[in-house]
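Let's take a walk through this protein together, one helix at a time. Keep the 3D view open and turn it as you read.

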Protein chains: 2
Amino acid sequence: MATQLDNFDRKLLMEVQRDAQIPQTELGVRVNLSTAAVNRRLRRLADEGVIDRYSAIVAPEKVDYPLTIVANVEVESEQIDLLDAMKRTFAQCPQIQQCYYVAGEWDFVLVMTVRNMDQYTELTRQLFFSNNNVKRFKTLVSMSRVKVGLGVPVDIVDE
Amino acid sequence: MATQLDNFDRKLLMEVQRDAQIPQTELGVRVNLSTAAVNRRLRRLADEGVIDRYSAIVAPEKVDYPLTIVANVEVESEQIDLLDAMKRTFAQCPQIQQCYYVAGEWDFVLVMTVRNMDQYTELTRQLFFSNNNVKRFKTLVSMSRVKVGLGVPVDIVDE
DNA sequence: TCTGAAAATGGACCTTT
DNA sequence: AAAGGTCCATTTTCAGA
């Protein structure tokens, strides 16, 4: 599953995770590689799916989505088709940024971004109260987004 | 706080959140604007901080970080400097992708990506057990990353 | 790795509202 | 003034030798 990477790849991944707009010439300088080599490697990393995609990260508070909420959900039944239906519902909801199906005290952890509490209340109606398979849920309101990202560590190793 | 946006901006934000590599000419076709106008608007959105940054999204399982874990943390004291110290520690830890300081049953929610359970165990030592201000924590292991992103909804409105 | 063509970005300048 | 469009120079990407 894990693709073969060398330290050049890892350094490149580190850089483009931080900032995907750095020109390949500059990346070449930073990792000590020619522009063409950087170009080939980035293409390969994208083709292999190591780089899933490139994305603009939008500041939610600037587009009037100032509230981040974490919701934990416990289900009634773990029957596969019921779970799949829930996963699809959660995945489709634009306000749900992340949904993890977890083992432990809860079954789902949702990270949501909303305009205000009213919108969240409305979403709990749609997603939780009107869903027979939701046994209970608990809301955690974020007071501070201390760290928000999808960055994956890439550890430089001795080769 | 929320910047003035029109529907052109919103459509652009939708597009570049999904895929930041679409050329500005193509974006122009999609939103019905000249390339130059797209260019100006994207620059403005970045300057104003609406677009926080551009990032390559790496698939964690491809770089041998197959495990996602959500950890809830309760603190002993909410004294400001102790909290700040914790926030800094969490923010610095490369395996912590996200850290929210929350109100509710817990004080922090952490979303972590790790190589294996051993690494997580080691991290709990460093972050939780060896920190006097951690009263208790609870671990939720993700079995499925149903939806993972930082996308913010941008609602097209009548103007 | 180097070179060069093709593509994309971004500024200058003029026009429209 | 604020924003759009066209045109053009510069920068960047990316393939072939």
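Before we start, one bit of vocabulary: a residue counts as buried when its relative accessible area is under 20%, and as exposed when that value is over 50%, with partly exposed in between. Keep in mind, too, that you're looking at a predicted model.

Now find helix α4 of chain B, residues 80–92. This helix has 13 residues and reaches 18 Å from its first C-alpha to its last, close to the 18 Å expected at 1.5 Å a residue. Which residues of α4(B) are buried? They are B:L83, B:M86, B:K87 and B:F90. These four cover an arc of only 100 degrees around the axis, so they sit on the same side of α4(B). The spacing makes sense: an α-helix has 3.6 residues a turn, so residues three or four places apart point the same way.

What do the buried residues of α4(B) pack against? Within chain B, their partners are β2, β3, β4, α5 and β5, and β5 (134–147) of chain A joins in as well. Spin the helix around, and the face turned away from the buried side carries the exposed residues B:R88 and B:Q92.

Next, move to helix α3 of chain B, residues 35–47, where you'll find B:N39. B:N39 is partly exposed, because its relative accessible area is 34%. B:G28 is 11 residues away from B:N39 in sequence, and their C-alpha atoms are 9.1 Å apart in space.

Finally, hop over to chain A. An unreviewed UniProt entry annotates residues 5–66 there as "domain: HTH asnC-type". That span is 53% helix and 13% strand, and its end C-alpha atoms lie 39 Å apart.

Technical notes
Residues are numbered from 1 along each chain as its sequence is written. Chains are lettered from A and ligands numbered from 1 in the order in which they are written. This is a predicted model: local features need pLDDT of at least 70, side-chain atom pairs count only at pLDDT 80 or more; totals for chains, interfaces and linings use all residues. Side-chain values use heavy atoms; hydrogens and water are left out. UniProt positions are given in the numbering used here, feature names are shortened, and annotations may be inferred rather than shown by experiment. Helices (H or I, at least four residues) and strands (E, at least two) are DSSP runs, numbered from the N terminus. Buried means under 20% relative accessible area, exposed over 50%, partly exposed in between (1.4 Å probe, protein chains only). The expected span of a helix is 1.5 Å times one less than its number of residues. The arc is that of the directions from the helix axis to the C-beta atoms. Contact means heavy atoms within 4.5 Å.
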